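Here are a few short exercises to work through with the model open in your viewer. Try each task before you read its solution.

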Amino acid sequence: LSNAGLLTKNQGGKGQNLVRQDAGTLMRQVQQTAIGTGNTSEDVMAGLSEFVAKTGDLKTGRDILADMAKLATATGANMADVVSASGDISLALGDVEGKAEKIDAIMRVVGGQSKLGSIEYKDMATQMAKVASRAGQFQGGTGESIASLGAMAQMSKATGGSSTSAQAVT
């Protein structure tokens, strides 16, 4: 994971991503996150690995790790799916200031929609690539568009317009 998160300037790396991260430090963060959120170290590491594989951005993955672990635990969703969905959002946001905070806010909105709607968080997390990839095609910011598209998917499933979560998101 330390090697996978190392990016050169030519690959778009900056800040912490230009420096190989200490494997022991990564393991301590993963273990502390697992203990603090009731997840296993394996699940937390798998989630972080999924984020890095998708985005190449170890720094942002580390910044959001604890919050995504809490969301996964609170919603009963798979840790890897939640962090993978965060990666989809990260890609949709592009290079923005305060990316970790924006990802966290969007994922919390989606979590709130799932509590009140018909599509469970774990199902929405697996469909986030569809939502996030289309968010930039709508007026408003990416975060607002993801929230709106998520709400429309919830309505589609709730009103019988779609029989599955995948159909509702599509």
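## Exercise 1: A pair of helices

In this predicted model, the axes of helix α3 (residues 58–75) and helix α4 (residues 79–93) come within 9 Å, crossing at roughly 130°. Classify the arrangement of α3 and α4, give the handedness of their crossing, and describe the residues in contact.

**Solution.**

1. Start with the angle, which is roughly 130°. Angles over 145 degrees count as roughly antiparallel and 65 to 115 as roughly perpendicular, the rest above that range being oblique. Therefore α3 is oblique to α4.
2. Next comes the handedness: α3 and α4 cross in a right-handed sense.
3. Now list the contact. Helix α3 contributes I64, L65, M68, A69 and A72, while α4 contributes M79, V82, V83 and S86.
4. Finally, sort these residues by character: eight are nonpolar, one is polar and none is charged.

## Exercise 2: A salt bridge between helices

The structure holds five salt bridges. Take the one between D88 and K54, and work out which parts of the chain it ties together.

**Solution.**

1. Check the distance first: the side chains of D88 and K54 meet at 2.8 Å, N to O. A salt bridge requires the nitrogen to be within 4 Å of the carboxyl oxygen.
2. Then place the partners. D88 belongs to helix α4 and K54 to helix α2 (residues 41–55), so the pair links parts that are 34 residues apart in sequence.
3. Last, look at accessibility. D88 is buried, with a relative accessible area of 11%, whereas K54 is partly exposed at 28%.

## Exercise 3: A salt bridge within a helix

How many residues apart are K59 and D63 in helix α3? Say also whether each one is buried or exposed, or something in between.

**Solution.**

1. The side chains of K59 and D63 form a salt bridge, at 2.6 Å from N to O.
2. K59 and D63 are four residues apart in α3, which means that about one helical turn separates them.
3. K59 is partly exposed, with a relative accessible area of 31%, and D63 is partly exposed too, at 40%.

## Exercise 4: One more pair, and a network

Find the distance between the closest N and O atoms of K122 and E120, then name the residues joined into one salt-bridge network.

**Solution.**

1. The closest N and O atoms of K122 and E120 are 3.9 Å apart, and the two residues form a salt bridge.
2. K122 is partly exposed, with a relative accessible area of 36%, and E120 is partly exposed at 44%.
3. As for the network, D67, D104 and R108 are joined by salt bridges that share partners.

How values were computed:
Residues are numbered from 1 along each chain as its sequence is written. This is a predicted model: local features need pLDDT of at least 70, side-chain atom pairs count only at pLDDT 80 or more; totals for chains, interfaces and linings use all residues. Side-chain values use heavy atoms; hydrogens and water are left out. Axes are lines fitted to C-alpha atoms, for helices over the stretch in contact, and angles run from 0 to 180 degrees between N-to-C directions. Helices (H or I, at least four residues) and strands (E, at least two) are DSSP runs, numbered from the N terminus. Angles under 35 degrees count as roughly parallel, over 145 as roughly antiparallel, 65 to 115 as roughly perpendicular and the rest as oblique. A crossing is left-handed if the near helix is turned anticlockwise from the far one by less than a right angle, and right-handed if clockwise. Contact means heavy atoms within 4.5 Å. Ala, Val, Leu, Ile, Met, Phe, Trp, Tyr, Cys and Pro count as nonpolar, Asp, Glu, Lys and Arg as charged, and the others, Gly among them, as polar. Buried means under 20% relative accessible area, exposed over 50%, partly exposed in between (1.4 Å probe, protein chains only).
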